[in-house]
Amino acid sequence: FRVNSINEIVLFFSKIIHWESTQFVWQYIKVGLSFFTVIMLFQIFEYQTGMHAFTLKIQNKAVRYGLLSAMFFVSIVYIIQSKTSPFIYFQF
């Protein structure tokens with residue numbers, strides 16, 4: 001969207017600050033918390049192994065490729081099933 005005046009900017013940010021609940025709020029919170037949990041688990045594994053690519057340390061190839069494939073397909077499912085969000089930018 002385009003912002004034509006300062007008043008529209010103030011209105012936009014006031015709606016963000018004074019957030020109103022909708023029917024999708026808990027769905028967004030659940031998705032956000034699930035992603036946060038997965039990211040924290042990866043951070044813990046990376047810290048414990050001392051590697052950014054800790055999956056490469058898994059000796060069993062079937063488990064390694066299964067884990068990588070599962071993460072890839074779950075990411076694809078989330079990308080496909082979600083509606084595209086408009087890119088928000090300000091133009092004065």
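A residue counts as exposed when its relative accessible area is over 50%, and as buried when that value is under 20%. Anything in between is partly exposed. These words return in the legends below. The model shown is predicted.

**View 1. Tryptophan 26 stands exposed on helix H2.**
Tryptophan 26 has a relative accessible area of 59%. The cut-off for exposed is over 50%, so tryptophan 26 counts as exposed. The residue belongs to helix H2, which covers residues 25-49. Trp26 also helps to make a nonpolar surface patch. Its partners there are Trp19, Ile29 and Leu33. The patch has an area of about 500 Å².

**View 2. Helix H2 runs for 25 residues and is followed by a glycine.**
From its first C-alpha to its last, H2 reaches 36 Å. That is close to the expected 36 Å, at 1.5 Å a residue. Glycine 50 comes just after H2. Its phi is positive, at about 75 degrees.

**View 3. Phenylalanine 12 and phenylalanine 13 form an aromatic pair.**
A pair of aromatic rings is described by the distance of the centres and the angle of the planes. A search of the whole structure finds two such pairs. In the pair of phenylalanine 12 and phenylalanine 13, the centres are 5.3 Å apart and the planes meet at 75 degrees. This pair is edge-to-face. How accessible is phenylalanine 12? Its relative accessibility is 23%, so phenylalanine 12 counts as partly exposed. Phenylalanine 13, at 40%, is also partly exposed.

**View 4. Phenylalanine 72 and phenylalanine 73 pair edge-to-face.**
Here the ring centres lie 5.4 Å apart. The planes stand at 70 degrees. Edge-to-face needs an angle over 60 degrees, so this pair fits the term. Is phenylalanine 73 buried or exposed? At 53% relative accessibility, phenylalanine 73 counts as exposed. Phenylalanine 72 is at 48%, so phenylalanine 72 counts as partly exposed.

**View 5. Arginine 64 lies over the face of tyrosine 65.**
The distance from arginine 64 to the ring centre of tyrosine 65 is 5.6 Å.

**View 6. Leucine 68 sits in helix H3.**
Helix H3 covers residues 61-81. Leucine 68 has a relative accessibility of 33%, so leucine 68 is partly exposed. Which distance separates leucine 68 from threonine 55? Their C-alpha atoms are 8.0 Å apart. Along the chain, these two residues are 13 residues apart.

**View 7. The whole chain has three helices and zero strands.**
Read along the sequence, the pattern is α-α-α. The chain has 92 residues. Of these, 8% count as buried.

Notes. Residues numbered from 1 in each chain as written. Predicted model: local features only at pLDDT ≥ 70, side-chain atom pairs only at ≥ 80, totals over all residues. Heavy atoms only, no water. Patch = residues over 30% accessible without salt bridge, like charges linked within 9 Å, V, L, I, M, F, W, Y side chains within 5 Å. Areas by Shrake-Rupley, 256 points an atom, 1.4 Å probe, with all protein chains shown as cover. Salt bridge = Lys/Arg side-chain N within 4 Å of Asp/Glu carboxyl O. Helix = DSSP H or I, 4+ residues; strand = E, 2+ residues; numbered from the N terminus. Buried < 20%, exposed > 50% of the residue type's maximum accessible area, 1.4 Å probe, protein only. Expected span 1.5 Å × (residues − 1). Phe/Tyr/Trp six-rings, centres within 6.5 Å; stacked < 30°, edge-to-face > 60°. Lys NZ or Arg CZ within 6 Å of the ring centre and 35° of its normal.
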